[in-house]
Amino acid sequence: MTSTQPRSTGRKREPDRNLAVELVRATEAAAMASGRYLGRGDKNQVDAAAVDAMRPVLGTVAMRGVVVIGEGEKDEAPMLFNGEQVGDGTGPEVDIAVDPVDGTTLVAKALPDGLSVVALAERGKMFDPGPCFYMRKLVVPPAAASAIDPEAPVGEIIAAVGKALGRRTDDLTVAVLDRPRHEGLIESIRSVGAMIKFLPDGDVAGAIMAASEDTIDAGVDLLFGIGGTPEGVIAAAALRCLGGAIFGRLHPRNDEERAAAIEQGYDLDRILTTTELCGGDDVFFAATGVTDGALLKGVRYGSERISTTSLSMRARSGTIRFIQTFHDPDRSSLVPPLG
């Protein structure tokens, strides 16, 4: 008897390019919802609004996704928690990293560079931070990606980046999170004459600015410092699309976290590269500005339209798109009702 059933090719279904647009819809929804709380001083309110708006949109996307980088474990976050399955149950199997608002404090205080971000990669290709909340990071532009030794002293790294870019050390600008823990790092940067752009929060934007040498005129040439490991993975996804490189080393906050990481098999001395943090060929990244910044404009609430500015990138094609969208609050399903 001859079977009439279709034969399986055994091929894994690849992510469709339309995923880039669908991810932008998710970040737009989160940005418009959280932007309503601009300057009100409550970062938890900002985050909750973004999560509530982003989750339903991700649920409509044709993918079988698992949140690898999210809002925490299930008992800590009701939605977009680590391990949660998202998507409509069809399409490719993917890892997802979400930060409904990278820089909740920025939005709460109406400071620059608050973003809503989502990244996607093939299943099993995103680094799981485990118990390690922090990571030492170095981000450099494409021209310097293979020209530096990430374990060299700070001054030597800055000099190598300057040589790769054909510029003097004192013409370079280094992005650094403005934190007391970076006091020694700041002294090292200043000692070689480089300028510093202090980031009050949200180093995903800083990493993108540092890597976008020929794409975004952000006035930043590299990034140093200790920041969130989840944000490092999201930044790696962006860099897979942009070029440039991130080098990270896990940085436990205390002895308990260190012991937990070692017990789970993490090598705390290892330098993690861009592809180790986010591998595979099918990587997508989307971001929408919540507040104005060097990277993207923030949300604008007009009398008849709400405008958003977004960044959409895909690693396989190397495509980078800036998207300005005008939303009709009475007709768009992405615009949440006023509470």
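**Second pocket**

I sorted the lining of the second largest pocket by residue class and got 10 nonpolar, 3 polar and 5 charged residues. The model I am reading is predicted. I then looked up the volume of this second largest pocket, which is about 330 Å³. Its lining has 18 residues. Nearest the centre I noted R136, K137, P150, F224 and G225. I also asked which elements give two or more residues to this lining. They are β5 (134-140), α4 (154-165), β8 and β9 (245-250).

**Largest pocket**

Next I turned to the largest pocket, with a volume of about 1,100 Å³. I found 36 lining residues, and the closest to the centre are G70, D99, F133, P230 and E231. By class, I have 12 nonpolar, 11 polar and 13 charged residues in this lining.

Which elements each supply at least two residues here? I listed three helices' spans and three strands' spans: α2 (43-58), α3 (104-108) and α7 (229-242), then β1 (64-69), β3 (93-102) and β8 (222-228). Strand β3 gives the most, with 4 residues. I marked β8 in both lists: it supplies at least two residues to the largest pocket, and it gives two or more to the second largest.

**Helix α6**

I checked α6 (residues 203-211) for burial. Is this helix enclosed or open to the outside? I found 9 of its 9 residues buried, so α6 is largely enclosed by the rest of the structure. The cut-off I used for buried is under 20% relative accessible area. I wrote the residues down: D203, V204, A205, G206, A207, I208, M209, A210 and A211.

**Whole chain**

I then stepped back to the protein chain. I noted 9 helices and 13 strands. Of its 339 residues, 52% count as buried.

How does the radius of gyration compare with that of a compact globule? For 339 residues, I expect a value near 20 Å. The chain has 20 Å, so the two agree. Along the principal axes, I read a box of roughly 70 × 60 × 40 Å for the C-alpha atoms.

I looked at contacts between residues at least 6 apart in sequence, and 69% of them join residues at least 24 apart. Last, I looked up the accessible surface, which comes to about 15,800 Å². Carbon and sulfur atoms account for 45% of that surface.

Methods. Residues numbered from 1 in each chain as written. Predicted model: local features only at pLDDT ≥ 70, side-chain atom pairs only at ≥ 80, totals over all residues. Heavy atoms only, no water. 1 Å grid on protein atoms, 1.4 Å probe; cavity = no way out; pocket = protein on both sides within 12 Å on 5 of 7 lines; lining within 4 Å. Points joined across faces, edges and corners; volume = space filled by probe spheres on them. Nonpolar A, V, L, I, M, F, W, Y, C, P; charged D, E, K, R; others polar. Rg over C-alpha atoms; globule rule 2.2 N^0.38 Å. Buried < 20%, exposed > 50% of the residue type's maximum accessible area, 1.4 Å probe, protein only. Contact = heavy atoms within 4.5 Å. Areas by Shrake-Rupley, 256 points an atom, 1.4 Å probe, with all protein chains shown as cover.
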